[in-house]
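Please open the model in your viewer and keep the sequence panel visible beside it. The tour below proceeds by selection, with a short account of what each selection shows.

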Amino acid sequence: MSRVAYVNGRYVPHRQARVHIEDRGYQFADGVYEVIAVSGGALVDPGPHLDRLERSLRELRIAMPMTRAALSCVIGETIRRNDVVDGIIYIQMTRGAAPRDHAFPARAETQVVMTSRRSKPHPRAYDEDGVKAITVPDIRWARCDIKSISLLPNVLAKQSAREVGAYEAMFVAADGTVTEGSSTNAWIVTAAGELVTRAPTSEILSGITRSAVMDIAAEEGLRLVERPFSVTEAKAAREVFITSTTAFVMPVTQIDEAVIANGKSGSISRKLRARYAAHMAAAGASVDGASQRRTL
Ligand code: PMP
C-alpha cells in the first residue's frame, strides 16, 4: 500500500507531497508539531496532544487553521488512508508561505501537513537491558515548553548519541542538572525509592507520556517529586528511565561511562513500562477500529 500525506487540504501520494520554498517552516523553522501514537487503530491520549498543539500555536501567535473537530477528521483520515494500526501520526503547522521577512507576514495562512506511518514493536531486550544514554550541554533556547519544529540542538544531540551507539542524549543545564532528553523526558528513582522528574517549566517540553506516567505512578502509590536532579545524582540513582510517545517508558541502564545500579532495568521502570503498554493497548481496545474518529 502506497503512503499518503495530507498537505493543506489535499491527500497526496507521499512521494509527491510538497510545500512552497517560502514556507516559513522551511525558512525560519516558524512552526509547531505534534506526534501522537496510534495503538490498535486508535490514538493514544489525543485530547492532551491537541491541547498542547493549540497551546504551542497560541504561544507563537500562529492561527489554528481549522476547528478541532475538522482537525480530528483529517487525523483519522490520514491514519486510515495509510492503513496504520500501530504507529504514529505527525502533524506540522507553520505560519504560512510569504516573501522572506523575519517579521510576521500581514496575511499568513497556517500551513498544515500530516503524515502517518507504522512502527515496529520495540526489541524485547529493552524491557530488561534498557538503553544507553549520553550527556550533552543544553544549548537550546528558553522556551522549550513550545513544541517548535526548530530542533537543531536536538538533532545534533541525537546524532551524537547514535554515533556512540546510545539511544538518547540527555541535555545538561549550566548548573549540572538534567533538563530532559533530546526527544524524551528524564526520570530517576532515588535510593529512598522516590520518583523524581523535572517540573514542567519553560526549560522542558511537558510530555504527554510524562503526564500519563505521573497518573500511573500515583495509582501505584509511588512517591513522586517534581524537581531538578543532577547528572551525578542520575548516575548514582537506583533507576533511570525516559518517557515519550515513541520510547514509551524506556529504562536507561548506562549514562556516559556510568552503569546504573546493576546494569539491568529496575523494578519500578519495568512496572511503569508494563503499565504504560497497557494504557496504550486500552486506547485500541476502546474502539472497533473502523471508527477511530470517535476517540478524538
Ligand atoms: N521532550 C522533548 C524535547 C521531546 O521532543 C519529546 C517528544 N515529543 C518529549 C520530551 C516527550 O513528549 P511526549 O511524551 O509528549 O512525546
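Begin by selecting Arg95, which is buried, with a relative accessible area of 6%. Please bear in mind throughout that this is a predicted model.

**Stop 1: Arg95 and its partner**

With Arg95 displayed, add Asp30 to the selection. The two side chains meet in a salt bridge, with an N to O distance of 2.6 Å. Arg95 belongs to the loop between strand 5 (87-94) and strand 6 (111-118), and Asp30 to the loop between helix 1 (24-28) and strand 3 (31-39), so the pair ties together parts that are 65 residues apart in sequence. Asp30 is also buried, at a relative accessible area of 9%. Buried here means under 20% relative accessible area.

**Stop 2: further salt bridges**

How many salt bridges does a search of the whole structure find? The search returns 24, and several deserve a visit.

Select Glu54 and Arg68. They form a salt bridge in which the closest N and O atoms are 3.2 Å apart. Because Glu54 lies in helix 2 and Arg68 in helix 3 (residues 68-81), this pair ties together parts that are 14 residues apart in sequence. Glu54 is partly exposed, with a relative accessible area of 24%, and Arg68 is partly exposed as well, at 28%.

Move next to Arg198 and Glu203, whose side chains meet in a salt bridge of 3.2 Å, N to O. Arg198 is buried, with a relative accessible area of 5%, whereas Glu203 is partly exposed at 37%.

Then select Arg55, Glu59, Arg143 and Asp145 together. These four residues are linked in a network of salt bridges.

**Stop 3: the ligand and its shell**

Centre the view on the ligand and display the residues around it. Which of the 18 residues around the ligand come nearest? They are Lys147, Glu180, Ile208, Thr209 and Thr245.

Three polar side-chain atoms may be inspected in turn:

- Lys147 places a polar side-chain atom 2.4 Å from a nitrogen atom of the ligand.
- Thr209 has a polar side-chain atom 2.6 Å from an oxygen atom of the ligand.
- Thr245 likewise has a polar side-chain atom 2.6 Å from an oxygen atom of the ligand.

Now show the surface of the ligand. Taken alone, the ligand exposes 390 Å², and the protein buries 93% of that area. To see where the shell comes from, colour the elements that give two or more residues to it: helix 2 (46-60), strand 9 (177-181), helix 6 (208-219) and strand 14 (239-244). Colouring by residue type instead divides the shell into three nonpolar, 12 polar and three charged residues.

**Stop 4: Asn185**

Remain with Glu180, one of the residues that come nearest to the ligand, and add Asn185. A polar contact of 3.4 Å joins the side chains of Asn185 and Glu180. Asn185 is placed in strand 10 (residues 185-189). Is Asn185 buried or exposed? At 5% relative accessibility, Asn185 counts as buried. Add Leu205 with its backbone shown: the backbone oxygen of Leu205 lies 3.0 Å from a polar atom of the Asn185 side chain.

**Stop 5: a nonpolar surface patch**

Turn on the protein surface and select Leu152, Val155 and Leu156. Together these residues make a nonpolar surface patch of about 300 Å². Val155 lies in helix 5 (residues 152-163) and counts as partly exposed, at 48% relative accessibility.

**Stop 6: two residues with positive phi**

The last stop concerns the backbone. Most residues other than glycine have a negative phi.

Select Asn8, in the loop between strand 1 (4-7) and strand 2 (10-13). Asn8 is not a glycine, yet has a positive phi of about 45 degrees. The relative accessibility of Asn8 is 35%, so Asn8 counts as partly exposed.

Finally, select Ala261, in the loop between strand 16 (258-259) and helix 8 (267-285). Phi of Ala261 is near 50 degrees, again a positive value in a residue other than glycine. Ala261 counts as exposed, at 51% relative accessibility; the term exposed applies over 50%.

Key:
Residues are numbered from 1 along each chain as its sequence is written. This is a predicted model: local features need pLDDT of at least 70, side-chain atom pairs count only at pLDDT 80 or more; totals for chains, interfaces and linings use all residues. Side-chain values use heavy atoms; hydrogens and water are left out. Patches are made of residues with over 30% relative accessible area and no salt bridge: like charges are joined within 9 Å, nonpolar side chains (Val, Leu, Ile, Met, Phe, Trp, Tyr) within 5 Å. Accessible areas come from the Shrake-Rupley method with a 1.4 Å probe; for residues, only the protein chains shown count as cover. Helices (H or I, at least four residues) and strands (E, at least two) are DSSP runs, numbered from the N terminus. Buried means under 20% relative accessible area, exposed over 50%, partly exposed in between (1.4 Å probe, protein chains only). A residue is near a molecule or strand if one of its heavy atoms lies within 4 Å of it. A polar contact is a pair of N or O atoms within 3.5 Å; within protein, one must be able to donate a hydrogen and the other to accept it, and residues adjacent in sequence count only if both atoms are side-chain atoms. Ala, Val, Leu, Ile, Met, Phe, Trp, Tyr, Cys and Pro count as nonpolar, Asp, Glu, Lys and Arg as charged, and the others, Gly among them, as polar.
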